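Open the model in your viewer and keep the selection panel at hand. The stops below say what to pick next and what is there.

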Amino acid sequence: MAQLWGGRFQKKTDDLVYEFNASITFDKTFFKEDLEGSRAHVKMLAKQGIITEDDKNAILEGLDSIEKDVDSGKLEITTEYEDIHSFVEANLIDRVGEPGKKLHTGRSRNDQVALDMRLYTRSQVDYTKSQLVNLLNVILRIMKENTTTIMPGFTHLQKAQPITLAHHMGAYFEMFRRDVLRLIDIRERMNYCPLGSGALAGTTYPLDRDFTAKELGFTAPCDNSMDGVSDRDYLIEYLSALSTIMMHLSRFSEEVIIWNSNEYRFVEIDDGFSTGSSIMPQKKNPDIAELVRGKTGRVYGALMSLLTTMKGIPLAYNKDMQEDKELAFDAMRTTNGCIQLFSGMLDTMSFNKDNMYRSSNEGFTNATDVADYLVGKGVAFRDAHGIVGRIVLECIDKKIAIDDMSLDELKAICPAFEEDIYDAISMETCVSKRLTKGACSKTSMEEAIAGYEGFIKSVAD
């Protein structure tokens with residue numbers, strides 16, 4: 001078919017060049033956004049007297065019929081067309097005739113694609129946020145149910161101090177809460193309309209850019225037409241946010257994988273979110289967590305690809321910017337799918353509380369509390385630290401826990417020990433006496449949970 005820009009050319013485009021240049025295979029993704037932008041544009045053209053009301057109505061009816069036929073499968077978006085804009089305009093002209101040729105008045109494909117990409121990205125930002133809110137609700141439920149579920153906390157992947165499952169989950173709530181706030185911030189900053197920028201210099205037509213911006217739900221038009229057609233900062237920010245989300249999901253997945261291992265047995269993943277082995281019948285694999293961990297790299301790749309594409313582009317629009325779509329679309333689908341699947345896995349996962357508690361009792365997780373106990377008895381902390389180190393060495397030699405040492409054995413190392421040492425270093429006491437804001441006690445966790453509930457209410461759609 002003839003190209004929309006073909007008037008300048010005398011020769012047919014080489015087939016390989018056409019295929020290399022075309023974007024219809026991926027920019028059909030924002031077919032709906034292209035229609036949305038065209039509707040707003042044509043309404044504005046009629047409002048400004050640039051086209052007649054009859055032409056506007058004919059175009060709008062034509063656009064509606066195209067959408068209906070594509071949705072029903074009657075009309076297919078094919079590679080016969082160079083891009084989604086050409087597809088819409090060519091089919092519009094076929095259906096409504098002369099009025100369809102007026103759709104592109106005062107508009108360039110540069111501001112058109114900039115608008116479509118911004119509209120699509122904005123909807124994806126909203127969708128990602130809604131998926132994260134769902135995940136936060138799952139995490140919050142687990143927190144509420146486990147404010148007294150004791151488990152070991154780790155540093156360097158070694159047991160460090162006893163905490164609760166609620167406290168551990170709260171750390172991930174904080175991560176994903178920051179992700180939600182990042183998305184809200186990105187949406188606010190990106191919500192400016194490039195339509196009306198033209199190719200780069202604006203247009204001589206008396207467009208009402210405020211009207212189209214409002215019609216499309218934007219805060220206002222972009223202030224600079226060159227920036228309007230060449231800005232992809234919002235997409236880079238979104239891909240950066242998606243990369244951070246995937247990093248958080250990957251960290252969480254790594255812990256689920258470890259907790260699911262035979263050595264830990266902290267969790268039982270639901271059958272619906274596990275797979276088995278083709279040769280080893282006993283296996284129940286944490287495939288969802290492993291795939292989330294593995295897919296993180298491809299989202300990082302999309303971010304690095306776009307940063308690399310944009311780093312050497314002069315103003316204004318350049319064809320390089322067509323490369324902003326395929327990997328970005330993949331990163332959006334990947335991240336949103338991972339959040340949804342991870343939420344389902346986490347929501348159906350069961351926790352082996354006895355194993356968690358038993359693990360806390362091993363590995364001397366109450367050693368710091370023994371030192372704090374001695375400080376309370378008047379021993380300087382540095383001295384107490386050395387004393388507890390000696391106790392731990394003796395326990396390792398005897399293959400026992402600190403709690404298993406007799407009072408006489410403890411007094412032989414330091415006379416400051418009294419009978420109350422055993423209550424002071426029980427797992428329950430170690431957790432419950434940590435009352436500072438953000439700590440692991442039930443009191444601190446209930447305060448945090450109340451704040452988290454308020455946060456979810458404030459950001460839920």
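## Stop one: a helix crossing

Helix α4 passes α5 in a right-handed crossing. This is a predicted model. Select residues 53-72 for α4 and residues 84-96 for α5. Their axes lie 9 Å apart, and the packing angle is about 115 degrees. The two helices are therefore roughly perpendicular to each other, since 65 to 115 degrees counts as such.

Now show side chains at the contact. From α4, pick Ala58, Ile59, Gly62, Leu63, Ser65, Ile66, Asp69 and Val70. From α5, pick Phe87, Val88, Asn91, Leu92, Arg95 and Val96. Colour them by class: the contact of α4 with α5 has nine nonpolar, three polar and two charged residues.

## Stop two: the largest core

Keep Phe87 selected. Which residues have the most contacts inside the largest nonpolar core? They are Phe87, Ile139, Met169, Leu249 and Leu346, in a core of 101 residues. Next, select residues 233-259. This is helix α10, which gives the most to this core, with 15 residues.

Centre on Met169. Leaving out residues up to four places away in sequence, Met169 touches Ile139, Ile142, Met143, Phe252, Trp259, Leu346 and Phe351. Two of these partners, Ile139 and Leu346, also appear in the list of residues with the most contacts inside the core.

Another core lies apart from this one. It has 23 residues, among them Leu374, Val388, Cys414 and Ile421. Select those four and follow them to the next stop.

## Stop three: α14 and its neighbours

Select α14, residues 367-376. Which of its residues are buried? Ala367, Asp369, Val370, Ala371, Tyr373 and Leu374 are. What covers them includes α15 (381-398), α17 (421-424) and α18 (427-432).

Add α15 to the view. The axes of α14 and α15 are 9 Å apart, at an angle of about 135 degrees. The pair is therefore oblique. The crossing of α14 past α15 is right-handed. On the α14 side, the contact is made by Ala367, Val370, Ala371, Asp372, Leu374 and Val375. On the α15 side, look for Phe381, Ala384, Ile387, Val388 and Val392. By class, the residues of this contact are ten nonpolar, no polar and one charged.

Step just past the end of α14. Gly378 takes a positive phi there, about 100 degrees. Then step back to the loop between α13 (353-361) and α14, where Phe364 lies. Phe364 is not a glycine, yet its phi is positive, near 60 degrees.

## Stop four: two more backbone points

Select His156. It is found in the loop between β1 (150-155) and β2 (158-164). Its phi is near 55 degrees, again a positive value in a residue other than glycine. Is His156 buried or exposed? Its relative accessibility is 73%, so His156 counts as exposed, the cut-off being over 50%.

Finish at Leu315 and Ala316. What joins them? A cis peptide bond does, with omega at about 5 degrees. Ala316 lies in the loop between α11 (287-310) and α12 (326-348). Display the backbone atoms of both residues to see the bond.

Terms used:
Residues numbered from 1 in each chain as written. Predicted model: local features only at pLDDT ≥ 70, side-chain atom pairs only at ≥ 80, totals over all residues. Heavy atoms only, no water. Helix = DSSP H or I, 4+ residues; strand = E, 2+ residues; numbered from the N terminus. Buried < 20%, exposed > 50% of the residue type's maximum accessible area, 1.4 Å probe, protein only. Contact = heavy atoms within 4.5 Å. Core = buried A, V, L, I, M, F, W, Y, C linked by side-chain atoms within 4.5 Å. Axes fitted to C-alpha atoms, helices over the stretch in contact; angles between N-to-C directions. Parallel < 35°, antiparallel > 145°, perpendicular 65-115°, else oblique. Left-handed = near helix turned anticlockwise from the far one by under 90°. Nonpolar A, V, L, I, M, F, W, Y, C, P; charged D, E, K, R; others polar.
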